[in-house]
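User: Please take me through this model by question and answer, with the reasoning set out before each result.

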Amino acid sequence: MHYRVIPSALTGGDISVPGDKSISHRALMLTSIADGRSKISGFLAGEDCLCTLAALRALGVRIDTESESVLTVHGVGLHGFSEPAGPLDMGNSGTAMRLFAGLLSGQAFDSCLTGDESLSRRPMNRVIEPLQAMGAKMTSENGKPPLRLYGEQQLQPVHYALPVASAQVKSAILLAGLFADGRTSVTEPAVTRDHTERMLESMGVSVEVTDGCIGIVGQQTLRATDIVVPADLSSAAFPVLAAIVGQNVEVIVRGVGVNPTRTGFIDVLRQMGASIELENTDLCGAEPIADLRVRSSTLKGIDVDPDVVSLAIDEFPLLFVAAALAKGSTSFRGIGELRVKESDRIAAMASGLRTLGIEVSETPDGAVVHGGKLAGGTIDSFGDHRIAMAFAVAGTVASAPLNILNTAAVTTSFPGFVGCMQSIGARIEIADAVAL
Ligand code: S3P
């Protein structure tokens, strides 16, 4: 599947986007090991989270679907999983694989976690090492999936200082810590999304956070809790940037999660000159939400503060597009983690933007983007959902049509993306290779 984006003046609008991916994964996993029945609403029925759902069913959890976004999970308790009949397929999802590694390393049975081609290239030692330090037994293919976990290991609590800022690894350790006897703790080199900690606390588990050290005592019971998943800021970010780089457009996105560990994108864009207002701020269970009101703005290039990287980690493809359309240069430092996402996102953005006439220089963990005018052309998304969607936004303001190759993965995180963009006036056609 490919996209063809025809540049067009956006109309703007009042829209909503699907549920948060990180929170949807965690809602399924945590309610599955809770005692009793929980309802999840606003669940993201994207392929990544559907892999988590299928894996939990394979582990013996009953999950009823009232609609694709409203589920009832019949929790089996901390020790209630049963041995799956075969490997658990994590699809494209790094979050699913790393969190399940934590959740399953203290089980009585063996399990095997597999993934698609992209996931099979992604580093897993970052999660294997701390889990092995806790006594888990697992093997990989030279640090890559598949992961084979060997059951009947009694996990020991550890303190682990994360060498990379990763919410997935932090969460995997905390989930494994639930099965250890004693107190497991982690420190992180930079603050990362804290959805796991918030959700555990909302389910009655005590999580202690002192001076950046996050601790959890094992064998606590999770209380069944209804969870409403906020709209995903990482998905809202696409129509938000489209409105900002458009001409005289206003877009409102309703009920978006604005957890401060996720809002780096808003801070960076504001520094670049964007008009973004948060209205109707509220709490949605354990998570803050707001309506985002954005207006077309003139952007200027900046040096992006490396401290914001972990708070905007998934929005860098879009920030590269913002930089390409800004006046002056924008420099990114400390973004080496982007090279081990669903694709090498620094390389993917640099090569796509160069194709469209933008000057970009790359370092191993950074880039400098020189703002300019975007031409049309054909670029490859390398099968990475966020690269595909970021270029779709770029295409709305290019000087000629933009073809984006390999866009099927968009459904991993944002089913309905094309319809959402069309609703604010973008002209995006879904094409096949021949039509290009
Ligand atoms: C996620 C954490 C981040 C992020 C990913 C979702 C999570 O990954 O990029 O899309 O849900 O914990 P890392 O932990 O690798 O930074």
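User: How many cavities of 30 Å³ or more does the count give?

Analyst: This is a predicted model, and the count concerns spaces where a 1.4 Å probe fits but cannot get out. With the threshold set at 30 Å³ or more, the count comes to 1 cavity.

User: What is the volume of the largest cavity, and how do the residues of its lining divide?

Analyst: The lining includes Asp20, Ile23, His195 and Pro230, and also Asn259, Arg262 and Glu287. The volume of the largest cavity is about 40 Å³. Its lining residues divide into 5 nonpolar, 3 polar and 3 charged.

User: How far apart do the C-alpha centres of domain 1 and domain 2 lie?

Analyst: The chain is divided into domain 1, which takes in 2–19 and 230–431, and domain 2, which covers 21–218. Across the boundary, 25 residues of domain 1 are in contact with 26 residues of domain 2. The C-alpha centres of the two domains are separated by 28 Å.

User: Which strands stand at the edges of the open sheet with the order 2-16-18-17?

Analyst: This open sheet has 4 strands and mixed pairing. An edge strand has a single partner strand, so one side of it is left without a neighbour in the sheet, and this applies to strand 2 (13–15) and strand 17 (275–284). Neighbouring strands of this sheet are turned by 15 degrees against each other on average, direction ignored. The strands at the edges are therefore strand 2 and strand 17.

User: Which residue is the bridge partner of Ile15 in strand 16?

Analyst: Strand 2 and strand 16 (residues 250–257) run parallel and are joined by 3 bridges. Within strand 16, the residue paired with Ile15 is Val253.

User: What angle does the direction of helix 7 make with that of strand 18?

Analyst: Helix 7 (residues 233–245) packs on this sheet, where it touches strand 2, strand 16, strand 17 and strand 18 (287–295). Taken between N-to-C directions, the angle of helix 7 to strand 18 is about 15 degrees.

User: Where does Asn248 lie, and what is its phi?

Analyst: Most residues other than glycine have a negative phi. Asn248 lies in the loop between helix 7 and strand 16. Although Asn248 is not a glycine, its phi is positive, at about 50 degrees.

User: Which strands stand at the edges of the open sheet with the order 19-20-22-21?

Analyst: This open sheet is formed by 4 strands, and its pairing is mixed. Two of its strands have a single partner strand each, so one side of each is left without a neighbour in the sheet. These edge strands are strand 19 (303–304) and strand 21 (359–363).

User: Which residue stands opposite Ser329 in strand 22?

Analyst: Strand 20 (residues 329–333) and strand 22 (residues 366–370) run antiparallel, with 5 bridges joining them. Opposite Ser329, strand 22 places His370.

User: Through how many residues does a hairpin join strand 21 to strand 22, and which residue stands opposite Glu362?

Analyst: Strand 21 and strand 22 pair in the antiparallel sense over 5 bridges. The hairpin joins these strands through 2 residues. In strand 22, the residue opposite Glu362 is Ala367.

User: At what angles do helix 9 and helix 10 run to strand 20 and strand 21?

Analyst: Helix 9 (residues 316–325) lies across strand 19, strand 20 and strand 22, and runs at about 155 degrees to strand 20. Helix 10 (residues 345–355) lies across strand 21 and strand 22, and its angle to strand 21 is about 160 degrees.

User: Which residue in strand 5 is the bridge partner of Ser67?

Analyst: Strand 4 (residues 62–67) and strand 5 (residues 70–76) pair in the antiparallel sense over 5 bridges. These two strands form a hairpin with 2 residues between them. The bridge partner of Ser67 in strand 5 is Val70.

User: What is omega for the cis peptide bond that joins Pro145 and Pro146?

Analyst: Most peptide bonds are trans. Pro146 has its place in strand 9 (residues 144–150). For the cis bond between Pro145 and Pro146, omega is about 0 degrees.

Conventions:
Residues numbered from 1 in each chain as written. Predicted model: local features only at pLDDT ≥ 70, side-chain atom pairs only at ≥ 80, totals over all residues. Heavy atoms only, no water. Pairing = 2+ DSSP bridges. Contact = heavy atoms within 4.5 Å. Axes fitted to C-alpha atoms, helices over the stretch in contact; angles between N-to-C directions. 1 Å grid on protein atoms, 1.4 Å probe; cavity = no way out; pocket = protein on both sides within 12 Å on 5 of 7 lines; lining within 4 Å. Points joined across faces, edges and corners; volume = space filled by probe spheres on them. Nonpolar A, V, L, I, M, F, W, Y, C, P; charged D, E, K, R; others polar. Domains from an automatic or database assignment.
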